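Colleague: Please put the model up. I have some quick questions.

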Amino acid sequence: MRKTIIAGNWKMNKTIAESVSLVKELKKISADVRNREIIVCPAFTSLSAVAAELKSSNIKVGAQNMHFEKNGAFTGEISALMLKDIPVDYVILGHSERRHVFGEGDELINKKVKAALLNGLNSIFCVGETLKERESGKTKDVIGNQVLKGLKDVSKKDIRKVVIAYEPVWAIGTGKTAAPEQAEEAHLFIRKLLGKIFDDNTSNSVSILYGGSVKPDNIKELIAKENIDGALVGGASLDAKIFYQIIKC
Ligand code: PEP
């Protein structure tokens, strides 16, 4: 059975005090949630404080990025080893803002996915097409390529520690959500591709999240689709009450 996961990506928002206050409230209101995994991904500066606050709660902590090397002369970077040391459970890799704002390519993202696995970190591996790519009929080529290259040399055993997030770039932070049918089509395509890379049993065990302007009023329809196993939520995860409405949908 696949896990249903609701993850919040806080991006470059919130001071340490604001982050702790958000998770204190979230912890209280979502204490009885058992049937789904809740993950919050604060900025690096808030990770330790948030992880301490969420220790022995039902909420997991994730980072938003990492470097693939263990240590060394990489000014400004953070390694998987350092994230494990906090400790965090997840790391978001290949987010569209990393791909498009910071120029991260598939090869680099693949190195990060493998480094996360090597260090026992779960990853939320993001893929998604731009509007131009969708409008020119390239959606499946683009996400297929991102999946194939990003998961290159990942074993059947290790893929179980990877969650995939389908996030059409045109839907992130724009208020435009993919129609549930559009999202399901992409998720099914990814699931079938995983079946070809690994096998059907393995493919059916991987949670595939949808991301892109998820809100309390559109989550129900999305999550009702067979291959949509949860959501990666940006803006709407910055308020505990709104995020909780998505969690309990
Ligand atoms: C995201 O950052 O991954 C995201 C989906 O953002 P938003 O929900 O704000 O579109």
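Colleague: Val61 first. Buried or exposed?

Modeller: Val61 is buried, because its relative accessible area is 4%. Buried means under 20%, exposed means over 50%, and partly exposed is in between, with a 1.4 Å probe and protein chains only.

Colleague: Where does Val61 sit?

Modeller: In strand β3, residues 59-63. Helices (H or I, at least four residues) and strands (E, at least two) are DSSP runs, numbered from the N terminus.

Colleague: And how are residues numbered? What kind of model is this?

Modeller: Residues are numbered from 1 along each chain as its sequence is written, and side-chain values use heavy atoms, without hydrogens or water. The model is predicted, so local features need pLDDT of at least 70 and side-chain atom pairs need pLDDT 80 or more, while totals for chains, interfaces and linings use all residues.

Colleague: Back to Val61. What separates its C-alpha atom from that of Lys156?

Modeller: 25 Å in space, and 95 residues along the chain.

Colleague: Now Thr75. Buried or exposed?

Modeller: Exposed, because its relative accessibility is 83%. Thr75 is in the loop between β3 and α3 (80-85). The C-alpha atoms of Thr75 and Ala179 are 41 Å apart, with their positions 104 residues apart along the chain.

Colleague: Let's switch to the ligand. How many residues surround it?

Modeller: 14, and the closest are Lys11, Glu167, Gly173, Ser213 and Gly234. A residue counts as near if one of its heavy atoms lies within 4 Å.

Colleague: What classes are in that shell?

Modeller: Four nonpolar, eight polar and two charged residues. Here Ala, Val, Leu, Ile, Met, Phe, Trp, Tyr, Cys and Pro count as nonpolar, Asp, Glu, Lys and Arg as charged, and the others, Gly among them, as polar.

Colleague: Which polar contacts does the ligand have?

Modeller: Here are three. An oxygen atom of the ligand is 2.7 Å from a side-chain N or O atom of Lys11. For the side chain of Asn9, the distance to a ligand oxygen is 3.2 Å. Gly173 uses its backbone: one of its N or O atoms lies 2.6 Å from an oxygen of the ligand. The protein covers 96% of the 300 Å² of accessible area that the ligand has on its own. That area comes from the Shrake-Rupley method with a 1.4 Å probe.

Colleague: And the cut-off for a polar contact?

Modeller: A pair of N or O atoms within 3.5 Å. Within protein, one must be able to donate a hydrogen and the other to accept it, and residues adjacent in sequence count only if both atoms are side-chain atoms.

Colleague: Tell me about Asn9. Buried or exposed?

Modeller: Buried, because its relative accessible area is 5%. Asn9 lies in strand β1, residues 5-9. Its side chain also reaches the backbone nitrogen of Lys11, at 3.1 Å.

Colleague: What about Ser213 and its phi?

Modeller: Phi of Ser213 is positive, about 55 degrees, although Ser213 is not a glycine. Ser213 is in the loop between β7 and α10 (219-223). Ser213 counts as buried because its relative accessibility is 9%.

Colleague: And Asp153?

Modeller: Asp153 also has a positive phi, near 65 degrees. Asp153 is exposed, because its relative accessible area is 58%.

Colleague: Which residues does a cis peptide bond join?

Modeller: Ile86 and Pro87, with omega about 5 degrees. Pro87 is in the loop between α3 and β4 (90-93).

Colleague: Last topic, empty space. How much is in the largest pocket?

Modeller: About 400 Å³. Of its 14 lining residues, the closest to the centre are Lys11, Met12, Gln64, Arg98 and Phe102. By class, the lining has seven nonpolar, four polar and three charged residues.

Colleague: How do pockets and cavities get defined?

Modeller: On a 1 Å grid over the protein atoms alone, a cavity is a set of points where a 1.4 Å probe fits but cannot get out. A pocket is an open set with protein on both sides within 12 Å along at least five of seven lines. Lining residues have an atom within 4 Å of a point. Points are joined across faces, edges and corners, and a volume is the space filled by probe spheres set on them.

Colleague: How many cavities of 30 Å³ or more?

Modeller: One. Its lining includes Gly94, Cys126 and Glu167. The elements giving two or more residues to that lining are α4 (96-100) and β5 (122-127).
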